[in-house]
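Let's take a walk through a protein fold together, one piece at a time. Have a look at the sequence and the 3D picture, and then we will start from a single side chain and work outwards.

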Amino acid sequence: MMVRSILRVCCLPAVMLLLSGCDILTDGATRIAYQIEAEVGTFKRSGKDTHTIAHLPERKGGVFGGNGCAEAYTVQFDKVGAIIIWCKDSKSGLVTGSHSTSYAARFIDTPQTWVIDKRAGESTYIELRKTADKPMVTNVR
């Protein structure tokens, strides 16, 4: 009984902190999707017809490594709703890792596929236009 109480007092808060929305357990594609989710909510309530999301990638991996692109990267917004990121070695151009998610498809429509190459630390810009349903991506640069 005493062991359970100790575990509850010590371990439960630590686990809750790890899972509380801090980005240490997410990858680059998921962080873009989370930013889209947050900004689309605000955009829908605004009087604006267009909005541009500026996503600045994390330049290094998180606590567990491998969840951020430290150097150049390619980002794809796919017409089926997926976001895919390929981390690259800036000198050789070889892919060093990749991340993907379709989470953002809940909040935006992507009528076509965009594939954009970015330098290390360079932001990705996602241009949106309001529609009757979900905002539509009109450009990614």
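Leaving aside its neighbours within four places in sequence, which residues is isoleucine 36 in contact with? Keep in mind as you look that this is a predicted model. Setting those sequence neighbours aside, isoleucine 36 is in contact with Ile53, Phe77, Ile83, Ala104, Phe107 and Ile108.

Some of these names come back when we turn to the largest nonpolar core, which has 23 residues. Within this core, Ile32, Ile36, Val75, Phe77, Ile83 and Leu128 touch the most other members. Two or more core residues come from each of α2 (28-45), β2 (73-77), β3 (83-88), β5 (114-118), β6 (124-129) and β7 (136-140). The element that gives the most is α2, with 6 residues.

Now for the strands. One open sheet has 4 strands in the order β4-β3-β2-β5, and their pairing is antiparallel. At its edges you will find β4 (95-101) and β5, each of which pairs on one side only. On average, and ignoring direction, neighbouring strands here are turned by 15° against each other. Follow β2 and β3 for a moment: they run antiparallel and are joined by 5 bridges. Phenylalanine 77 stands opposite isoleucine 83 in β3. Across β2, β3 and β4 lies α2, running at about 135° to β3.

Between β2 and β3 there is a loop, and glycine 81 has its place there. Is this glycine 81 buried or exposed? It counts as buried, because its relative accessibility is 10% and the cut-off for buried is under 20%. Apart from its neighbours within four places in sequence, glycine 81 is in contact with Thr101, Ser102, Ala105 and Thr110. You can also find glutamine 112, which is 31 residues away along the chain from glycine 81, while their C-alpha atoms are separated by 9.3 Å.

There is another open sheet to visit, formed by 3 strands in the order β1-β6-β7, again with antiparallel pairing. Its edges are β1 (50-55) and β7; each has a single partner strand, so one side of each is left without a neighbour in the sheet. In this sheet, neighbouring strands are turned by 25° against each other on average, direction ignored. The antiparallel pair β6 and β7 is held over 4 bridges, and leucine 128 stands opposite valine 137 in β7.

Finally, come back to the helix: α2 also lies across β1 and β6, running at about 150° to β1.

Notes:
Residues are numbered from 1 along each chain as its sequence is written. This is a predicted model: local features need pLDDT of at least 70, side-chain atom pairs count only at pLDDT 80 or more; totals for chains, interfaces and linings use all residues. Side-chain values use heavy atoms; hydrogens and water are left out. A nonpolar core is a set of buried Ala, Val, Leu, Ile, Met, Phe, Trp, Tyr and Cys residues joined through side-chain atoms within 4.5 Å. Buried means under 20% relative accessible area, exposed over 50%, partly exposed in between (1.4 Å probe, protein chains only). Contact means heavy atoms within 4.5 Å. Two strands pair if DSSP finds at least two bridges between them. Axes are lines fitted to C-alpha atoms, for helices over the stretch in contact, and angles run from 0 to 180 degrees between N-to-C directions.
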